[in-house]
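User: I am beginning to study protein structure and should like to work through one model by question and answer. Could we take the model step by step?

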Amino acid sequence: MVTPEAHPVLRTAAEAALTAYHDARAAYDRAALAEYVADGADGTPTMRIDVLVESAILAAIEGTAANALSEETGFVDRGSPVTLVMDPLDGSANAAAGVPLTAFAGAIAVDGEFTEGLVVWLDTGRSWWAARGRPTGLRTSGRTALDGAAVSLLRPRFDVPGAAGAWRAVAERAGRVRILSTSCLEAALVAEGSTDAFADAASDTHRLVDIAASVVLAEAAGGAVRDVRGRPIECDTDLTRRWSGIVAATPALADEIAETLRAAAGEPVTPWR
């Protein structure tokens with residue numbers, strides 16, 4: 001259930017995503033849902049299920065004054081100081097195949113500063129919400145060291161120089177490794193303390209829509225969000241811009257993972273600044 005405390009635009013978007021996701025799964029078979037029907041705003045292929053869910057959300061929030069930055073459509077500018085940054089359907093391949101690990105993720109940015117984050121597990125309706133400066137029931141595990149940690153990772157990328165070695169460097173030190181193929185849901189699990197960290201192993205796969213909600217959720221819960229290469233994660237309407245995101249239970253763990261990944265990828269290791 002989406003918390004009633006969330007910003008009205010966040011609530012409306014999440015509720016539309018839930019309805020559209022289940023309607024799409026009922027109306028189309030797996031092959032139709034997985035069919036590439038367009039190219040997204042970042043130039044990557046878009047599945048039919050992505051279009052169905054995003055279109056429903058954009059229609060639902062059309063009457064609001066908020067801008068929207070979304071994975072497939074890109075930036076919808078209404079001249080507002082408030083922007084909804086969203087991944088309508090994180091884990092598209094899971095969704096199309098019927099694997100019940102997919103999520104809506106949204107963040108509210110006011111004048112470029114993230115103020116709220118929301119992730120909704122679309123198969124169950126379970127949600128995680130936090131707002132900066134407000135109490136939250138979310139709390140990370142508090143883990144500070146990589147050795148023995150429970151870590152979720154994006155799949156290893158063999159086409160990116162150094163990325164496969166970086167992936168292995170973290171996996172060899174972790175106590176448990178999971179690959180769920182849904183960055184937003186994996187980050188929410190870090191914020192609630194179910195796992196210690198989630199990372200993209202130096203492959204520069206994340207767009208802002210993949211990690212914006214995590215910035216608020218993790219930090220409100222005592223965790224930290226980093227980019228492997230130290231680039232600031234900031235509100236930007238350019239969806240071709242990429243990060244290698246790390247969401248961790250503590251700043252110390254986030255920094256250690258970043259340093260481990262950079263070293264294994266053959267890049268300079270410098271302390272987080």
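User: In the hairpin of strand 6 and strand 7, which residue takes a positive phi?

Analyst: This is a predicted model, in which local features need pLDDT of at least 70, side-chain atom pairs count only at pLDDT 80 or more, and totals for chains, interfaces and linings use all residues. Residues are numbered from 1 along each chain as its sequence is written, and side-chain values use heavy atoms, with hydrogens and water left out. Strands (E, at least two residues) and helices (H or I, at least four) are DSSP runs numbered from the N terminus. The hairpin has 2 residues between its strands, and the residue with a positive phi, near 50°, is D111.

User: Is D111 buried or exposed?

Analyst: D111 belongs to the loop between strand 6 and strand 7, and its phi is positive although it is not a glycine. Buried means under 20% relative accessible area, exposed over 50%, and partly exposed in between, using a 1.4 Å probe and protein chains only. At 63% relative accessibility, D111 is exposed.

User: How many bridges pair strand 6 and strand 7?

Analyst: Two strands pair if DSSP finds at least two bridges between them. In strand 7, the residue opposite I108 is E116. Strand 6 and strand 7 run in the antiparallel sense, and their bridges number 8.

User: In the hairpin of strand 7 and strand 8, which residue takes a positive phi?

Analyst: Strand 7 is mostly covered, with 7 of its 9 residues buried. It pairs with strand 8 in the antiparallel sense over 5 bridges, and L118 stands opposite W129 of strand 8. This hairpin has 5 residues between the strands, and the one with a positive phi, near 85°, is G125.

User: Which helix gives the most to the largest nonpolar core?

Analyst: A nonpolar core is a set of buried Ala, Val, Leu, Ile, Met, Phe, Trp, Tyr and Cys residues joined through side-chain atoms within 4.5 Å. The largest one has 35 residues, and F114, V119, W128 and L208 have the most contacts inside it. Strand 6 (103-110), strand 7 (113-121), strand 8 (127-131), helix 6 (183-191) and helix 7 (208-220) each supply at least two of its residues. The greatest contribution, 9 residues, comes from helix 7.

User: How many residues has the other core that lies apart from it?

Analyst: In soluble globular proteins, nonpolar side chains tend to be buried together. The other core includes V9, A68, I108 and W129, and its number of residues is 34.

User: Is L84 buried or exposed?

Analyst: L84 is part of strand 5 (residues 82-90). Contact means heavy atoms within 4.5 Å; not counting residues up to four places away in sequence, L84 touches ten residues, among them V9, L10, A13, A68 and I108. Its relative accessibility is 0%, so L84 counts as buried.

User: Why do the buried residues of helix 3 line one face of the helix?

Analyst: Helix 3 (residues 48-60) has 13 residues, which at 1.5 Å a residue should span 18 Å, the expected span being 1.5 Å times one less than the number of residues. Its end C-alpha atoms are 19 Å apart, which agrees. The buried residues of helix 3 are I49, D50, V53, E54, I57 and L58. They line one face because, seen down the helix axis, they fall within an arc (taken from the directions from the axis to the C-beta atoms) of 155°.

User: Which residues does S183 touch?

Analyst: S183 lies in helix 6. With a relative accessible area of 7%, S183 is buried. Leaving aside residues up to four places away in sequence, its contacts are D90, L154, F198, H206 and D210.

User: How many disulfides does the structure hold?

Analyst: A disulfide is a pair of cysteine sulfur atoms within 2.5 Å. The cysteine sulfur closest to that of C184 is in C235, and at 15 Å it is too far for a bond. C184 is buried at 1% relative accessibility, whereas C235 is partly exposed at 27%. The number of disulfides is 0.
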